[in-house]
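User: I would like to learn how to read a model of this kind, feature by feature. Please give me the general idea each time and then the case at hand.

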Amino acid sequence: MNNKTIAELARGLRSGEFSSVELTQDYLERIRQFSALNAYITVTAEQALAQAEAADKRLAARTADLLTGIPIAQKDIFCTDGVKTSCGSKMLDNFISPYNATVVEKLNRAGAVTLGKLNMDEFAMGSSNETSFYGPVQNPWDVTCVPGGSSGGSAAAVAAGLTAGATGTDTGGSIRQPAAFCGITGLKPTYGRVSRYGMIAYASSLDQGGPMTRTAEDAAIMLQAMAGFDEKDSTSVDMPVPDYSAGLNQPLSGLKIGLPKEFFGEGLNGEIAAVIETAVNEYRKLGAEVKEVSMPNLKYAIPAYYVIAPAECSANLSRFDGVRFGYRCDNPADLADLYTRSRGEAFGKEVKRRILIGTYALSAGYYDAYYLKAQKVRRLITDDFKSALAEVDVLMGPVSPTVAFGLGEKTGDPIQMYLSDIYTIAVNLAGLPAMSIPAGFVDNKPVGLQIIGNYFAEDRLLNVAHRYQMNTDWHKQVPKGFE
Amino acid sequence: MNSQWEVVIGLEIHAQLATKSKIFSGASTAYGAEPNTQACAVDLGLPGVLPVLNQEAVRMAVKFGLAIEAEIAPYSVFARKNYFYPDLPKGYQISQFELPIVGNGHLDIDVDGVTKRIGVTRAHLEEDAGKSLHEDFHGLTGIDLNRAGTPLLEIVSDPDMRSAKEAVAYMRKLHELVRYLEICDGNMQEGSFRCDANVSVRPRGQAEFGTRAEIKNINSFRFVEKAINHEIERQIDLIESGGKVVQETRLYDANKDETRSMRGKEEANDYRYFPDPDLLPVEITEAFKDEVRVTLPELPDAKKRRFIEQYGQDDESAATLTSSRQLADYYEALVDASGGEAKICTNWVTGDVLGALNKAGLEIGQCPVDAERLAGLLKRIADDTISGKIAKQVFEAMWQGQETADQIIESQGLKQITDTGAIEAIIDKIITDNPGQVEQYLSGKDKVFGFFVGQVMKEMQGKANPAEVNKILKTKLKR
């Protein structure tokens, strides 16, 4: 039952095929069995079983939600009360959160069972899960390859059946790229749709949490529980949350799809381009109209992102100073020593690199040339998306220019690593919702199709993804050895 | 002061806003709690927490802006000011930088009978930091984050002041205003109202400003004047002996009455300000401004003008009585309740009441004799039940207890004696007992008359109606 979808598991729980406790035990056993994947940082078996028992009572009392009793797992960036919340860093290896993130609170309330905390790139900075203090995660499709990042643990765990669904966060592609690399469905919602309270900040104006699941149908179920206004997050948007499951089956005839020509240029693996083309043809068969669109400023997305995100992170990570929580160096000689050694010893290389870039970009004399300029570029990119989406309903393209690459292959070259997010980053700059869904294979590794929608059009995205999944079976493929 | 030099002063005042909760969290702002008991997850800067702006702080800032006739920004932005310090939990302070909520405004001060307009450049909202406690920790530093996140309004003046005296007048005026507006309790001991001064000197007639030094954290009116005067002297001495003032931050040491260098310009931090992505820009509509405008009280200048007109007060009394809103309210309540003359009320409040408060170290809000009880006393003076002198005695008793003037007059038998028969009997006795003084008076020594009045009053325990005593004495001692 580990390769069942959330929707199927929910039916099984209701028909009495299995209980939540049985289901949870089964998943916990499987997590132990496949611990070599390194997908989990913390397994919360005891709490999970207690939640499962409570869920079984709710199911019996018929007060259950769709998620009640479903085993899920949290990316270790979401604060969970009483549980270590490491953010993949040595800095927070000793941090037990005293409170729940809003997303955690909401999923708990829905009755989901939390199996544990998932591995990730340190402070969500990375595209391969290799910057984690807890070591890299293996890709279930090829254990010599990366699962993508930063939500690499989430993607690998869902793909390997170590959880029915997972939370992820996406600042520049951190849900979509690992979803693509691991052959699962990932949704990055509109900025402001899901509360950021309790989600440890990397780049506050770009970060957004979302679901990572086997299917679009499951993503709809999870997003339903996660989304909504939160008075604790001033940037969350006070708009009603639609019924995401209700619109899944709407026919796609007349759907207007735009293909940004900038997504299909130099650097894109030809076989991936062919997979995307096939997927787009499938949509034509489903009644969609396809046209090419152009977004000339997309080429500036990576440089703009690598000014804005590091600038914000340089301030966001200042609170990790060894004073109140987290790592503190041994025997600090004085205050400066406490700061420099605590931060120097506990932050990894990539985190330090981004703090330095950000600090530089914000410094007196450089602010206008870097930060301000990057914000202007961001506006231009947003305008490009707005005019494209005025013509079409959704945009489609690849998620990443390559399939999952080898562990260690790009760790020596940050620029090559950054380019892995070339098709995803612009979406965060614009704050739009986007999905990655499995669309085929290249070299026996999954390829993701990216679907980008208009602001708060998650329901439309899910509908577009779901109809595709009703007519294809890429999302049903299971990596060898994990059947 | 050396008249060759002109002094230029600008003040930055931090007024702690009197909100119940902090500017970005729900924790209480009450002063004096056990360390770290009023700091929630947001104030501690725990991983994942987010700030949410307290609307009340915005309302107070707008109220202040309207009171000084300033521009209220329709759109203002919170920024992060980045620096590391142990009592700054997030490693940045949320403040406003490029787009403050309050723009150009002004405040009028009176110095030596001359009114001068001082410009206010801006006022912006920000959060306070915690406190580092260097004593009692055996060489270590303790951190108390109760104050972290307390809302501050930083009010920056134009460099319009030309003497320490003007600076103090401005500071007092601002202090009076924020309390009138009830946006700050003005408690300087608790740090609710703090001042930094930018001081420079230039040769009289020169257009450019001299190099300034910033004096940090001067927390009383007296210290402001002393610190500025000391700094002026230091700068003039320095220049006259061939030196140069350097731009730096200096700390005033009240014990030694001197300022000393804290850090120079080279060591100044690059705060790397940028807009805080966790907070939306603050948008102020005309409707919101109107809503706040109707809550503005009568402001000190207007009230003073009215007191002069309505109650016939002189400038000084009016200034005193309008120096705080509560005192002015007390005065007007007294006039209302006593139904008597405003003049008598003015004398009592500026004299007896303020004197007694001063002596006891109390504020008007803590006055043991409220306006209504005091009115009861003034009525008994007006209807001749007691004399003005006895009234002081009754006031003393009212200060100590809860009784009304009537109860005290009754229980202590202080009712004035107007019975001419009784007074005459006493006067006859005193004339008989003091033939020497009678002789002196009759021989033309008018001063001796006072002696007789004193004797009569003494005999009658002050209860005799003085007018009656005078009249009878004059008749009996006819020359």
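Analyst: We can begin with an annotation from a record, keeping in mind throughout that this is a predicted model. An unreviewed UniProt entry places the feature "domain: Asn/Gln amidotransferase" at residues 329–477 of chain B.

User: What are the helix and strand contents over residues 329–477 of chain B, and how far apart are the end C-alpha atoms?

Analyst: Over that stretch of chain B the chain is 71% helix and 0% strand, and its end C-alpha atoms are 49 Å apart.

User: Into which domains is chain B divided?

Analyst: An annotated feature and a domain assignment are best read side by side. The assignment divides chain B into domain 1 (5–291), domain 2 (300–411) and domain 3 (420–476), and the C-alpha centres of domain 1 and domain 3 of chain B lie 65 Å apart.

User: How should I read a pair of helices, for instance α14 and α15 of chain B, and at what angle do their axes cross?

Analyst: One takes the approach of the axes, then their angle, then the residues that meet. Helix α14 (residues 435–442) and helix α15 (residues 448–459) of chain B have axes that come within 9 Å and cross at roughly 140 degrees. Angles over 145 degrees would count as roughly antiparallel, and the crossing found here therefore makes α14(B) oblique to α15(B). From α14(B), B:Gln437, B:Gln440 and B:Tyr441 meet B:Val448, B:Phe449 and B:Phe451 of α15(B), a contact that by class has four nonpolar, two polar and no charged residues.

User: Which strands of chain B form the three-stranded open sheet, and in what order?

Analyst: For a sheet, read the order, then the direction of pairing, then the edges. In chain B the three strands follow the order β4-β3-β14 in an open sheet with antiparallel pairing. The edges are held by β4 (92–96) and β14 (274–275) of chain B, each with a single partner strand, so one side of each has no neighbour in the sheet. Between β3(B) and β4(B), which run antiparallel, there are five bridges, and B:Ala79 stands opposite B:Ser95 in β4(B).

User: How many residues of chain B are in contact with chain A?

Analyst: In general, the size of an interface is often given as the accessible area lost when the parts come together. Here we can count residues instead: 24 residues of chain B are in contact with 36 residues of chain A. On the chain B side, the elements that give two or more residues are α1 (41–44) and β3 (78–82) of chain B. By class, that side has 15 nonpolar, four polar and five charged residues.

User: What does the domain assignment give for chain A?

Analyst: A domain need not be one continuous segment, and the bounds show this: chain A has domain 1 (6–255 + 391–476) and domain 2 (300–372). Their C-alpha centres lie 27 Å apart, and 27 residues of domain 1 of chain A are in contact with 22 residues of domain 2 of chain A. On the domain 1 side, α13 (414–419) and α14 (425–430) of chain A are the elements that give two or more residues, and α14(A) gives the most, with three residues. That side has, by class, 16 nonpolar, eight polar and three charged residues.

User: In what order do the eleven strands of the open sheet in chain A run, and which stand at the edges?

Analyst: The order is β1-β3-β2-β4-β6-β5-β10-β11-β9-β7-β8 (chain A), with mixed pairing. At the edges stand β1 (40–43) and β8 (289–293) of chain A, each with a single partner strand, so one side of each lacks a neighbour in the sheet. From one strand to the next the twist averages 30 degrees. Helix α5 (residues 152–159) of chain A packs on this sheet, touching β1, β2 (71–75), β3 (113–118), β4 and β6 of chain A, and its direction makes about 160 degrees with that of β4(A).

User: Which backbone details belong to the loop between β3 and α5 of chain A?

Analyst: Here one looks at the backbone torsions. A cis peptide bond, with omega about 5 degrees, joins A:Gly149 and A:Ser150, and A:Ser150 lies in that loop. A:Phe123, also placed in the loop between β3 and α5 of chain A, has a positive phi of about 50 degrees although it is not a glycine.

Terms used
Residues are numbered from 1 along each chain as its sequence is written. Chains are lettered from A and ligands numbered from 1 in the order in which they are written. This is a predicted model: local features need pLDDT of at least 70, side-chain atom pairs count only at pLDDT 80 or more; totals for chains, interfaces and linings use all residues. UniProt positions are given in the numbering used here, feature names are shortened, and annotations may be inferred rather than shown by experiment. Helices (H or I, at least four residues) and strands (E, at least two) are DSSP runs, numbered from the N terminus. Two residues are in contact if their C-beta atoms, placed from the backbone, lie within 7 Å. Ala, Val, Leu, Ile, Met, Phe, Trp, Tyr, Cys and Pro count as nonpolar, Asp, Glu, Lys and Arg as charged, and the others, Gly among them, as polar. Axes are lines fitted to C-alpha atoms, for helices over the stretch in contact, and angles run from 0 to 180 degrees between N-to-C directions. Angles under 35 degrees count as roughly parallel, over 145 as roughly antiparallel, 65 to 115 as roughly perpendicular and the rest as oblique. Two strands pair if DSSP finds at least two bridges between them. Domain bounds come from an automatic or database domain assignment.
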